[in-house]
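Me: Could you take a close look at one part for me, the loops with odd backbone geometry, and then go on to where the chains meet?

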Amino acid sequence: MGNWQRLVWNQRDALMNGLVVTIHVCAIAFVLAVLGGLLLCLARMYVRPLRSVAIVLIEFFRATPILVQLLWVNYVWPPIFGWPDSFFAAAWTALAVQSSGYLAETFRSGIEAISKGQREAAFSVGMSPLLAFWRVVLPQVALSSAPSIVNQFTVIVKSSTLVSVITVQDLMYQSQKIVNIWYEPIEILTATAAIYIVFIYIVSTAGKLLADSLRRRYGIAAA
Amino acid sequence: MWDALRQALDVSVFWEYRTVLLRGLAVNFYVFAGAAALALSIGLAAALLRVSRFRLLRWIGTVHVELFRNAPDYIMVVWVYFVLPLMIGSLLHQHFELDPFVSAVIALGFVYSGYFAETFRTGIEAVPLAHFEAGRSCGMSERLILWRIVLPQVVRRMLPESINQFISLFKATTIVSLIAVPDLMYQVSMITQQEMRPLPLYTGAALTYFAVILVASSALRALSERWRNKIYA
């Protein structure tokens, strides 16, 4: 147990700081991914001239591995777009970009599942298309895709372990730093894996409960 | 900006190293094949545990699934590469080492077995109870019922979802470059250090993976669709 105390418990400040960075990156990436996914989905479905661009972007984001995207965003974007200007920004951009592709497809299937009659009914009572989307379509899509959105957050957390590769000081980075100080990986890596597993388990269980209770409250049976 | 963009799209460097890079891509496929075989077999075992009659076995299956479904693949790969050999070594009282390739296959296989177990389980639970009873009333043993009645239906039902999982698994094989398995991403990083031209190399890598995964996933989807139609008809 001496090793556990020395390598894990005494390092708890570093690990906590790492966990905070992980949560920070994931939270920014998640919010941007939901917004970006919605924009991509709307562009694909309703904006004719942008349709093919949106499809290419969605497919590209979905079909490239996160590590490749992370390195690509980190090394290739700054000279071209002059941004992201820090490793931290590159990390959440890459995570957001990846997830927005998936979420765009989730939203699209949600929108397509809503019967045409509802939009027509909304138009027939004089709602503008924007209002109909906002009041009739979007709430239902949000409810029906709530579980997938929650699931996407856990995917972001899992992928966020890779941001340590571009020296963002997340939990993974801190634990590898400790490994490199003492060269005793057993305790610290096991503890890190346990922290991640417990954290993701809590997040996904809480998210599932939230999604289910929302659906129960607003009248869609839990799937 | 335009200069950088032109550099990024000038993939002549990428073409120059094509043999090394192709060999790297082949390593991606080897890791994928090994991990997929491992994930399918362990996933099936875990799914069978989860639908078992005994509470203890069901519980073991559930722990397996929750453990590996919630584990990030990167930490598992690192754990299997650095920690597992030390643990085995201290059990055997001798020096023990795992090849990076082998650890990558083990780690990814176990992580994805969690996902496959759930797919198998939903497939098994979707088979009507009457099929089991009919099998039993013809005097089939449990094993025979599993092989002849349940699994053929499960495989057909889980095809579309398992294609998604195979694709995630293939994407996950890129992280094995971080424990120095010489896959495409590893070679790209090495060449970048040598040539100091990250723009075309990383763009080339992204485009290569994009093309491979897009082609593979649409081909697999079309094939499975055709196969399913043929069998259901």
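Reply: Here is a walk through those loops, followed by the contact between the chains.

First, some housekeeping: this is a predicted model, where local features need pLDDT of at least 70, side-chain atom pairs count only at pLDDT 80 or more, and totals for chains, interfaces and linings use all residues. Residues are numbered from 1 along each chain as its sequence is written, while chains are lettered from A and ligands numbered from 1 in the order in which they are written.

In chain A, look at the loop between α4 (66-81) and α5 (87-112), which holds A:P84. The peptide bond leading into A:P84 from A:W83 is cis, with omega near 0°. Helices here are DSSP runs of H or I, at least four residues, numbered from the N terminus.

Over in chain B, B:A180 sits in the loop between α8 (142-172) and α9 (184-195). B:A180 isn't a glycine, yet its phi is positive, near 65°. It counts as partly exposed because it has 13 C-beta neighbours inside 10 Å; the scale calls 20 or more buried, 12 or fewer exposed, and anything in between partly exposed, with C-beta atoms placed from the backbone.

Further along, B:M196 lies in the loop between α9 and α10 (198-232) of chain B. B:M196 is another non-glycine with positive phi, about 60°, but with 8 C-beta neighbours inside 10 Å it counts as exposed.

As for the contact, chain B puts in 34 residues and chain A 30, going by C-beta atoms, placed from the backbone, within 7 Å. On the chain B side, α1 (2-9), α4 (55-69), α5 (73-92) and α10 each supply at least two residues.

Definitions and conventions: Two residues are in contact if their C-beta atoms, placed from the backbone, lie within 7 Å.
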